[in-house]
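Trainee: I should like to learn how the features of a protein model are read, one at a time. May we begin with the empty space inside it?

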Amino acid sequence: MSVTAIVPDYARRIEPRDPVENFHGNMLVYVHWEDHLSFCSAVAFPLPPAIPFGAFVSEVVAPAYAAHPEAASIDWSAVVWMIDGATKVPDMEASLAANGMKHKTLVRFWTPGLSGWKGTAS
Amino acid sequence: MAPKKLGLKQRYAHMTRGLDWETTYQPMDAVFPYDTFEGIKIKDWSAWEDPFRLTMDSYWKFQAEKERKLYAVLDAFAQNNGQTGVSDGRYINVVKLFLTGVSPLEYQAHRGFAFTGRHLRGAGPRIACQMQSLDELRHLQTQIHTISHYNKFFDGIGEFPHMHDRVWYLSVPKSFFDDARAAGPFEFMIAIGFAFEYLLTNLLFVPFMSGAAYNGDMSTVTFGFSAQSDESRHMTLGIEVIKFLLEQHPDNLPIVQKWVDKWFWRGFRVLGLVAMMMDYMLPKKVMSWKEAWEIYFTEAGGSLFQDLERYGLKVPKYADVATEAAEHISHQNWAVFYQYSHAAAFHTWMPDKEHLDWLSEKYPNTFDKYYRPRWEMWAEMEKEGKRFYNPSLPQLCQVCQIPMAYTEPGDPTKIAFRCTEVAGETYHFCSDGCKDIFDAEPEKYIQSWLPVHQIFQGNCGGATVPDVLNWYRMNVGADNMDYVGSPDDRLWSEWHAAKTREAV
Ligand SMILES: [Fe+2]
Ligand SMILES: [Fe+2]
Ligand SMILES: [Zn+2]
């Protein structure tokens, strides 16, 4: 469907506000730790597409969740990753882009054995 | 012979429709260019039933009388230091939320109704809209005047218009009205006149006004009363407009249904702020959000839609989802503000044991299982000196602009993720309701000004949180963070101590 507008060429008069070019060489990546809803929602980061997935895990993801009481128990090698809806085993040496991530990709991850504070998904 | 006095009805007819004319220098379509492109078909504008037969001169008289009463109460409130008599210093944060989040919407409503009051072709609805436009401007003014008294003592109030245009959570109510005002005049009337002022209004104003009454805020109660007769006119206009559109042409039904679905969902999302206010922010509770939803939506809305059934109009899509979510949204929203307290212009606090027990009682199906543990975990962290903050910025819904904190219907342990691709770019949504709105008019919502994305693009004063807060004009250390230990808290404790000394 398309917009109801008073001008016939509405679509040509407008611009999307968040194309990747607006982010100064970065792309947006959203991350969510499943079963840990004390982090109220997925969180957003502007990241260079060229950084290795391993660095993304250690420099971005791990610090973002460090405040959680279960954070210290995460076994990062056992984490189950889902990138834009598909379960994947990411190549830690390869870049985000090479792992199939693009602007506004959503990365969800599960930590087997850890399901939130006292098992309550918090 | 003495000139004959006109009867009320005749006077009304002369002073309203009697002043209207069919234009001849310019075609009517050029004079009223906005009332056809939405596809709404009006066969006979004169069939409009004027919901309130009020002429401008009596309108001024009524309003002036109400103003006199209101300002007398406000003066007395100030003279008697009424601000020291509210239930608790925490209560003022409800007032802050109202002034920053709701009052600017009164202004937006004023602008929107001024637009429809100019651009609808029928004189009857045009005049009703013009009066509502003036009402809304008056509401903004009276609210500013009422709350300016609190501004002398409490933080987070003084920069409300600046903040409304910039602060991340205020983009939620702002974008709601921007969306309505960027639509055509008929959609605006269904969005604001019907969905907001008729269907959902009791879930906004009743909680704030009875919350004020329960918590000793007589000044807010008084502006509420002063707006009440206006609001009943607004409700009448809202119901009249939907009936008028549905009676005029059968082709209008699918268009109106689409708008009702959309604006119910958008309104429901904005009302999440009220849910949180009722369940978490009122020191003396009125009722739970869930109870309010049952009374004002499930029951009242149910009989409204039964009444509208004869036009073929159905209960809004996803009403069942909203009803299920009534168990969750207040807890999920307060959790958002608790963890982003450093970036909010009002104070947050940890609910105490008595408060948690009240929530357990009001939400027996869900609170103990899902939300109580979350508060207990954070309370424990607070005790250890590790008060929990979320160090990252949240992912936002492209449509409602709220952090994507809402869970799957039926599973409060899973965040609901929805997305769509347009021209190779992904857009994310909190719900099927928001996704449907986007998919119907993607050209509109790909332009959304999402606060988090704007920060990352460098458009919000800088790259660090303090830069952004400065750009918000947030007075860091006073406006934001927890209530306990805030300047508000210190002031309140001093007043309290002085009162105790006087009593001894
Ligand atoms: Fe109003
Ligand atoms: Fe109103
Ligand atoms: Zn949404």
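Trainee: How many residues in the lining of the largest cavity are nonpolar, polar and charged?

Mentor: The general idea comes before the case. Rolling a probe the size of a water molecule over the atoms shows where empty space is left. In this predicted model, the lining of the largest cavity is made up of ten nonpolar, five polar and five charged residues.

Trainee: How many cavities of 30 Å³ or more does the count give, and what volume does the largest cavity have?

Mentor: The count gives seven cavities of 30 Å³ or more, and the volume of the largest cavity is about 200 Å³. Its lining comprises 20 residues, of which Arg269(B), Val321(B), Ala325(B), Thr407(B) and Pro409(B) are the closest to the centre.

Trainee: Which helices and which strand of chain B each supply at least two residues of that lining?

Mentor: In chain B, helix 11 (252-281), helix 13 (319-325), helix 14 (329-339) and helix 17 (432-440) each do so, as does strand 2 (407-408).

Trainee: Let us turn to the metals. Which residues coordinate the iron ion (ligand 1)?

Mentor: As a general reference, ideal angles at a metal are 109.5 degrees for four tetrahedral donors, and 90 or 180 degrees for six octahedral ones. Here, the iron ion (ligand 1) is coordinated at 2.0 to 2.2 Å by Glu106(B) and Glu136(B) through OE, and by His139(B) through ND1. Along the chain, these donors follow the spacing E-x29-E-x2-H. Glu106(B) belongs to helix 4 (residues 92-119) of chain B and Glu136(B) to helix 5 (residues 123-151) of chain B, so the pair ties together parts that are 30 residues apart in sequence.

Trainee: Are Glu106(B) and Glu136(B) buried or exposed?

Mentor: A residue counts as buried under 20% relative accessible area. Glu106(B), at 5% relative accessibility, is therefore buried, and Glu136(B), at 1%, is buried as well.

Trainee: Which residues are the protein donors of the iron ion (ligand 2)?

Mentor: The iron ion (ligand 2) has OE donors from Glu136(B), Glu197(B) and Glu231(B), with Glu197(B) listed twice, and an ND1 donor from His234(B), at 2.2 to 2.7 Å. The donor residues are spaced E-x60-E-x33-E-x2-H in sequence. Glu136(B) coordinates both iron ions, ligand 2 and ligand 1, which are 3.3 Å apart. Glu136(B) in helix 5 and His234(B) in helix 10 (residues 218-248) of chain B link distant parts of the chain, 98 residues apart. Both of these residues, Glu136(B) and His234(B), are buried.

Trainee: How many disulfides does a search of the whole structure find?

Mentor: The test is whether two cysteine sulfur atoms lie within 2.5 Å. The search finds zero disulfides over all chains. Take Cys419(B): the closest cysteine sulfur to its own is that of Cys397(B), 12 Å away, which is too far for a bond. Cys397(B) is buried, with a relative accessible area of 0%, whereas Cys419(B) is partly exposed at 46%.

Trainee: How many aromatic pairs are counted over all chains?

Mentor: Ring pairs are read from the distance between centres and the angle between planes, and an angle that is neither under 30 degrees nor over 60 counts as tilted. The count is 58 aromatic pairs over all chains. One of them joins Trp81(A) and Phe109(A), whose ring centres are 5.3 Å apart and whose planes are at 40 degrees, so the pair is tilted. Trp81(A) lies in strand 3 (residues 80-83) of chain A and Phe109(A) in strand 5 (residues 105-110) of chain A, 28 residues apart. Trp81(A) is buried at 2% relative accessibility, and Phe109(A) is buried at 0%.

Mentor: The rings of Phe438(B) and Tyr445(B) form another tilted pair, with centres 6.5 Å apart and planes at 40 degrees. Phe438(B) is buried, with a relative accessible area of 0%, and Tyr445(B) is buried at 4%.

Trainee: How far apart in space are Phe305(B) and Val315(B), and Ile6(A) and Val60(A)?

Mentor: Separation in sequence and separation in space are read side by side. Phe305(B) and Val315(B) are ten residues apart in sequence and 5.9 Å apart from C-alpha to C-alpha. Phe305(B) lies in helix 12 (residues 289-308) of chain B and is buried at 3% relative accessibility. Ile6(A) and Val60(A) are 54 residues apart in sequence, and their C-alpha atoms are 45 Å apart. Ile6(A) is in the segment before helix 1 (10-13) of chain A and is partly exposed, with a relative accessible area of 41%.

Note on methods:
Residues are numbered from 1 along each chain as its sequence is written. Chains are lettered from A and ligands numbered from 1 in the order in which they are written. This is a predicted model: local features need pLDDT of at least 70, side-chain atom pairs count only at pLDDT 80 or more; totals for chains, interfaces and linings use all residues. Side-chain values use heavy atoms; hydrogens and water are left out. On a 1 Å grid over the protein atoms alone, a cavity is a set of points where a 1.4 Å probe fits but cannot get out, and a pocket is an open set with protein on both sides within 12 Å along at least five of seven lines; lining residues have an atom within 4 Å of a point. Grid points are joined across faces, edges and corners, and a volume is the space filled by probe spheres set on the points. Helices (H or I, at least four residues) and strands (E, at least two) are DSSP runs, numbered from the N terminus. Ala, Val, Leu, Ile, Met, Phe, Trp, Tyr, Cys and Pro count as nonpolar, Asp, Glu, Lys and Arg as charged, and the others, Gly among them, as polar. Donors are N, O and S atoms within 2.8 Å of the metal (3.2 Å for Na, K and Ca); water is not among the atoms, so sites may look incomplete. Buried means under 20% relative accessible area, exposed over 50%, partly exposed in between (1.4 Å probe, protein chains only). Rings of Phe, Tyr and Trp (its six-membered ring) pair if their centres lie within 6.5 Å; planes under 30 degrees apart count as stacked, over 60 as edge-to-face and the rest as tilted.
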